[in-house]
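Hello,

Here is the structure I promised to pass on to you. Please have a look at it first, and then read my notes underneath.

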Amino acid sequence: MKKLFVFFFFFSCLTSCHKSLSDQAAQEALDFTRKYCPTPVKDFERTDSMTFDRDTKTFVYWKTLFGKADNKELIKKNKTKLHDAILLSVRNNPSVQLYRKDGFTFRYVFHSGQNAQDVLLDMSFGPKDYNK
């Protein structure tokens, strides 16, 4: 009886220590933000933070555009090219492969560097997008 109790005790400890993929995603987003954000501006873009929404299984990349990229008309004109470039990045990024396999969504929100309230671009990519 004592051996059975010890077995179940250790088994419950092992299973309680296992993190779900959503827990792992939330921790990864938090760690990335704490360690790297805000990133230096590169190619007129800065990553401000990364968050994870458990309810929708969505990673959100919060970014700010600067200089000539901080232009609503230019973004509107090149929306298809931007969409395709970001989608290609999601498809080819090995660090999110596990999350893609589980059907997570990746959202990119770009704000204006001149006026942080202005959202210049907001795109989401789910399994229907990156599995084509």
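Below is what I found, starting with the sheet and moving on to the helices and a few single residues.

Please keep in mind that this is a predicted model.

**The sheet**

A good place to begin is the open sheet, which is formed by four strands in the order E1-E2-E3-E4, with mixed pairing. E1 and E4 stand at the edges and have a single partner strand each, so one side of each is left without a neighbour in the sheet. On average, neighbouring strands are turned by 15° against each other, direction ignored.

If you zoom in on E1 (residues 45–53) and E2 (residues 58–65), you will find them running antiparallel and joined by eight bridges. Two of the pairings are easy to look up: threonine 51 has valine 60 in E2 as its bridge partner, and aspartate 53 has threonine 58 in E2. Four residues lie between the strands of this hairpin, and lysine 57 takes a positive phi near 50° there.

**Helices against the sheet**

Which strands does helix H2 touch? Helix H2 (residues 21–36) packs on the sheet and touches E1 and E2, and its direction makes about 155° with that of E1. Serine 22 lies in this helix. With a relative accessibility of 18%, serine 22 counts as buried, because the cut-off for that is under 20%. Leaving aside residues up to four places away in sequence, serine 22 touches Phe52, Arg54, Lys57 and Phe104. Lys57 is the hairpin residue with the positive phi.

H4 lies elsewhere on the sheet: this helix goes across E3 and E4, running at about 45° to E4. H4 covers residues 79–92, which makes 14 residues, and reaches 20 Å from its first C-alpha to its last, close to the 20 Å expected at 1.5 Å a residue.

Where do the buried residues of H4 sit around its axis? The residues in question are Ile86, Leu87 and Val90. They cover an arc of only 100° around the axis, which puts them on the same side of H4. The face turned away from that buried side carries the exposed residues Lys81 and Asn92. As for what covers the buried residues of H4, the list includes helix H5 (97–101), strand E3 (105–112), strand E4 (119–125) and helix H6 (127–130).

**Two exposed residues to look at**

Is glutamine 114 buried or exposed? Glutamine 114 is exposed, with a relative accessible area of 72%, and it lies in the loop between E3 and E4. Its C-alpha is 9.3 Å in space from that of threonine 64, although the two residues are 50 apart in sequence.

Lysine 76 belongs to helix H3 (residues 72–77). Lysine 76 is exposed too, at a relative accessible area of 63%. Along the chain, lysine 76 and leucine 121 are 45 residues apart, while their C-alpha atoms are separated by 8.5 Å.

If you would like a starting point, you could colour the four strands in the order E1-E2-E3-E4 and then find H2 on E1 and E2 and H4 across E3 and E4.

Best wishes, and enjoy exploring!

How values were computed
Residues are numbered from 1 along each chain as its sequence is written. This is a predicted model: local features need pLDDT of at least 70, side-chain atom pairs count only at pLDDT 80 or more; totals for chains, interfaces and linings use all residues. Side-chain values use heavy atoms; hydrogens and water are left out. The expected span of a helix is 1.5 Å times one less than its number of residues. Buried means under 20% relative accessible area, exposed over 50%, partly exposed in between (1.4 Å probe, protein chains only). The arc is that of the directions from the helix axis to the C-beta atoms. Contact means heavy atoms within 4.5 Å. Two strands pair if DSSP finds at least two bridges between them. Axes are lines fitted to C-alpha atoms, for helices over the stretch in contact, and angles run from 0 to 180 degrees between N-to-C directions.
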